[in-house]
Amino acid sequence: MLAAANALSYRDFLTVALVVPESAGFPDNWIYVHSPELQVGRIQNFASWSPFLVKEGRTCLGMEYFVFEGDETWSMPDDDLIALASKELAQLGLVPADQVERGFVVRMPKAYPFYDAHYKKNVDIMRGWLAEVAPNVHPVGRNGMHRYNNQDHSMYTALLTVQNMIDGASHDVWGVNVEEDYHEEVSPGYTSKMSL
Ligand SMILES: Cc1cc2nc3c(=O)[nH]c(=O)nc-3n(C[C@H](O)[C@H](O)[C@H](O)COP(=O)(O)OP(=O)(O)OC[C@H]3O[C@@H](n4cnc5c(N)ncnc54)[C@H](O)[C@@H]3O)c2cc1C
């Protein structure tokens, strides 16, 4: 069981939040970036999510990098990441680098359960072990089930589990998000930087 657990892998994530003038924002909540010459994969505009996320007169652009823990980008010093993100923002023609007031880096390990050739077998081993040895432990949610769930799927697995526990229902929590196609459409042969 431990070998199966240790064999599960993840894609990790880091965001460089750049504080810029409000006028540098855009109306969208986010923009996906496909330019192969840039490392950034997506940009969040936090003022578009909520004015309470930013200071008046400013917005915050979250430059998102899909990485592996310990790789070259992950290991860069914060100042270098802020410089990289500022440069890429300018390269995209969105905001000149001298308008970036300040930046913050947040690294998030294990943001994305990784589907390799063996993950299903490993999840099954853990599932079987839990059912046998610790049936009162109920795995739900994204990393709880090592399932690339969105927020709705994650909450739904929790709701169904509570019904199983309290109402004696027998929902198959592992059936959530098996048939549905949550993943964004990707043409064969195209390597996407996109992640949710
Ligand atoms: C960058 C990014 C963007 C996303 N965008 C979207 C989107 O636009 N729409 C959407 O639907 N989904 C989105 N998702 C997916 C969504 O965030 C997840 O599906 C959802 O948050 C998973 O919920 P969860 O409750 O399973 O896990 P989480 O939200 O990760 O909650 C797990 C909690 O457990 C805590 N925890 C971990 N270990 C311990 C411990 N040992 N003891 C106590 N607490 C612990 C963590 O701190 C965390 O608060 C996105 C994900 C990422 C990474």
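Me: How much area is buried between domain 1 and domain 2?
Reply: About 560 Å², going by this predicted model. Carbon and sulfur atoms give 47% of that area.

Me: And which three residues supply the most of what domain 1 buries against domain 2?
Reply: S9, Y112 and P113. Together they supply 73% of the area on the domain 1 side, more than any other three residues.

Me: Where do the two domains start and stop?
Reply: Domain 1 covers 9–113, and domain 2 covers 115–175. How many residues make the contact? Domain 1 puts in six residues and domain 2 puts in seven.

Me: OK, how far apart are the C-alpha centres of the two domains?
Reply: The centres of domain 1 and domain 2 are 32 Å apart. As for the protein chain overall, its C-alpha atoms fill a box of roughly 60 × 35 × 30 Å along the principal axes.

Me: What about secondary structure, how many helices and strands are there?
Reply: The protein chain has six helices and five strands. Reading from the N terminus, the order is α-β-β-β-α-β-α-α-β-α-α.

Me: Switching to the ligand. Which residues come nearest?
Reply: There are 11 residues around the ligand, and G141, R142, N149, N150 and Q151 come nearest.

Me: Which domains does that shell draw on?
Reply: Domain 1 and domain 2 each give at least three residues to the shell around the ligand. If you look at elements, β5 (102–113) and α6 (151–166) each supply at least two of the shell residues.

Me: What kinds of residues are they, by class?
Reply: The shell has four nonpolar, five polar and two charged residues.

Me: Where are the polar contacts to the ligand, then?
Reply: One is at R142, where a polar backbone atom sits 2.8 Å from a ligand oxygen. Q151 also uses its backbone, with an N or O atom 2.9 Å from an oxygen atom of the ligand.

Me: What does S154 use, backbone or side chain?
Reply: Side chain: a polar atom there lies 3.2 Å from an oxygen atom of the ligand.

Me: How much of the ligand does the protein bury?
Reply: The protein buries 39% of the 1,000 Å² that the ligand exposes when taken alone.

Notes. Residues numbered from 1 in each chain as written. Predicted model: local features only at pLDDT ≥ 70, side-chain atom pairs only at ≥ 80, totals over all residues. Heavy atoms only, no water. Near = heavy atom within 4 Å. Polar contact = N/O pair within 3.5 Å; in protein donor to acceptor, adjacent residues only side chain to side chain. Areas by Shrake-Rupley, 256 points an atom, 1.4 Å probe, with all protein chains shown as cover. Helix = DSSP H or I, 4+ residues; strand = E, 2+ residues; numbered from the N terminus. Nonpolar A, V, L, I, M, F, W, Y, C, P; charged D, E, K, R; others polar. Domains from an automatic or database assignment. Contact = heavy atoms within 4.5 Å. Buried area = accessible area lost by both parts, 1.4 Å probe.
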